[in-house]
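Welcome! Have a look at the structure below, then try the exercises, each of which comes with a worked solution.

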Amino acid sequence: MNRGSAGSIGSAASASEYRVCSNCRKVLRQEKRIRVSQPLTRGPSAFIPEKEAAARHQCSYIVNMHVDEFLKTGGIAEWLNGLEYIPQRLKNLNEINKLLAHQPWLITKEHIQKLVKTGENNWSLPELVHAVVLLAHYHALASFVFGSGINPERDPDTSNGFRLIAVNKFCVCDLANDNNIENASLTSSNFGIADSLSELEALMERMKRLQEEKEEEEASQEEMATRFEKEKKESLLVVTGAFDDEMVSTSDVSRYIEDPGFGYKDFARRGEEHLPTFRAQDYTWENHGFSLVNRLYSDIGHLLDEKFRMVYNLTYNTMATHEDVDTTMLRRALFNYVHCMFGIRYDDYDYGEVNQLLERSLKVYIKTVTCYPERTTKRMYDSYWRQFKHSEKVHLNLLLMEARMQAELLYALRAITRHLT
């Protein structure tokens, strides 16, 4: 089967020029001769060559993986038919799950009170913390899976050996081959045409200059607050224009979703009521979230903290071909940029560094992986850090995953704390 660009089918065109995707039934032009019956690579990732991929297991999409595990552990098969088939107690988590995944800043103590109030289907606070940790983990894991281009798992029960899974209105033929991305905002010209080697050298030079400027004179608190607001507003301009239309779920996972049109919306959205910035110093993971989680869900705080610290501090002191490089500044910019998109500000951080260190194509990739992971394409993956190793890009995806999970947890745990006080 072959795949071509989108467009109307002229009446004069020959029917032989088109084929239909056997998975999503989409009409496809066959002139470009792009195979979609199986992933583009034989390894676990559609983005990373098999010989360079770190994973050894071929990974399926998360939903199907857990459907299999649920059944293996004796789960009630009827529950898999959709949300209307699960117990009301589990169904009650739907609202907070939806908010956590897309707009966690909307979570309030009232959402917590509704779940823990006395009644037949109530949740205890320890149970609720456990549930929130799991929900946030899998939302973040979805970002890693799509950001790394994880291929469907081989399935002997299908004709071609692969489970083809439609995600929202996209089929695997879209996700694997970058279809529906024919938009000027995502073309290579907008991602920059400078030689990738000179881009790397320019990044290294900017890091050096920023470090020297920081040692000479630090910006005032007022200036840093202004730079955060500027970066927050500029994140509105980092759009994946091909996806401005509302996403409607048509896949087999839609049975597990209510309100499929609900999704991420920019925290600093123009023309809407201003939402207060989450000042990290007022509610930090280290001083507040960690102790609350540990108190209500024994020892998980230590495990989460170790995970956050390990990924944040992980470095081989390399950048592409350069060795003995201190990447702390770059890692912090990446982590804080994710939190900025979720309205979280660190008073002691100069957000001017974000604009200096993160090129536009990287910002597009980060926003997509973090906020709309199902829309990530190989073109986005290939467009940034073109001189960097695949292992360094996987490390980036780990940073994005942990930053997203921590952001979700901070909002949920703050709401729980407010419920308790």
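The exercises below move from the whole protein to single helices, helix pairs and single residues of this predicted model.

**Exercise 1. The overall picture**

Task: Find how many helices and strands there are in the protein, and what share of its residues count as buried.

Solution:
- Step 1. Begin with the elements: the protein has 15 helices and six strands.
- Step 2. Turn to burial: of the 421 residues, 49% count as buried.
- Step 3. Look at the contacts with a separation of 6 or more: 74% of them are between residues 24 or more positions apart.

**Exercise 2. Looking for disulfides**

Task: Find how many disulfides the whole structure holds, and decide whether Cys 340 and Cys 371 are buried or exposed.

Solution:
- Step 1. Searching the whole structure for disulfides gives zero.
- Step 2. A residue is buried when its relative accessible area is under 20%.
- Step 3. Cys 340 has a relative accessibility of 0%, so Cys 340 counts as buried.
- Step 4. The relative accessible area of Cys 371 is 7%, so Cys 371 is buried.

**Exercise 3. Checking the span of a helix**

Task: Work out what span helix 5 should have, and compare it with the distance between its end C-alpha atoms.

Solution:
- Step 1. Helix 5 covers residues 125-147, which is 23 residues.
- Step 2. The expected span is 1.5 Å times one less than the number of residues, which for helix 5 gives 33 Å.
- Step 3. The end C-alpha atoms of helix 5 are 33 Å apart, so the two values agree.
- Step 4. Now see what comes after the helix: Gly 149 follows helix 5 and has a positive phi, near 65°.
- Step 5. Ser 148 lies in the loop between helix 5 and helix 6 (172-177). At 4% relative accessibility, Ser 148 counts as buried.
- Step 6. Leaving aside neighbours within four places in sequence, Ser 148 is in contact with Ser 45, Phe 47, Ile 48 and Asn 397.

**Exercise 4. Two helix pairs**

Task: Describe how helix 3 crosses helix 5, and then how helix 9 crosses helix 15.

Solution:
- Step 1. Recall what is needed: two packed helices are described by the angle between their axes and the distance between the axes.
- Step 2. The axes of helix 3 (residues 94-102) and helix 5 come within 10 Å and cross at roughly 40°. That angle makes helix 3 oblique to helix 5.
- Step 3. The crossing of helix 3 and helix 5 is right-handed. Helix 3 makes the contact through Ile 96, Asn 97, Leu 100 and Ala 101, and helix 5 through Val 132, Leu 135 and His 139.
- Step 4. For helix 9 (residues 285-296) and helix 15, the axes come within 10 Å and cross at roughly 70°. Helix 9 and helix 15 are therefore roughly perpendicular to each other.
- Step 5. Helix 9 passes helix 15 in a left-handed crossing. Among the residues that make this contact are Leu 292 and Leu 296 of helix 9 and Leu 413 and Ile 416 of helix 15.

**Exercise 5. Two residues of helix 15**

Task: Which residues do Ile 416 and His 395 touch, leaving aside those within four places in sequence?

Solution:
- Step 1. Place Ile 416 in helix 15 (residues 390-420). At 1% relative accessibility, Ile 416 counts as buried.
- Step 2. Ile 416 is in contact with Ile 112, Leu 125, Val 129, Leu 292 and Leu 296, leaving aside neighbours within four places in sequence.
- Step 3. Compare sequence with space: Ile 416 and Thr 108 are 308 residues apart in sequence, and their C-alpha atoms are 8.2 Å apart.
- Step 4. His 395 is also found in helix 15 and counts as buried, at 16% relative accessibility.
- Step 5. Not counting residues up to four places away in sequence, His 395 touches Val 311, Leu 314 and Arg 331.

**Exercise 6. Positive phi values**

Task: Find where Ala 320 and Trp 385 lie, and what their phi values are.

Solution:
- Step 1. Start from the general rule: most residues other than glycine have a negative phi.
- Step 2. Ala 320 has a positive phi, near 55°. Ala 320 sits in the loop between strand 4 (318-319) and strand 5 (322-323), and counts as buried at 6% relative accessibility.
- Step 3. Trp 385 has a positive phi, near 45°. Trp 385 is in the loop between helix 14 (378-383) and helix 15, and is buried, with a relative accessible area of 8%.

Methods: Residues numbered from 1 in each chain as written. Predicted model: local features only at pLDDT ≥ 70, side-chain atom pairs only at ≥ 80, totals over all residues. Heavy atoms only, no water. Disulfide = S-S within 2.5 Å. Buried < 20%, exposed > 50% of the residue type's maximum accessible area, 1.4 Å probe, protein only. Helix = DSSP H or I, 4+ residues; strand = E, 2+ residues; numbered from the N terminus. Axes fitted to C-alpha atoms, helices over the stretch in contact; angles between N-to-C directions. Parallel < 35°, antiparallel > 145°, perpendicular 65-115°, else oblique. Left-handed = near helix turned anticlockwise from the far one by under 90°. Contact = heavy atoms within 4.5 Å.
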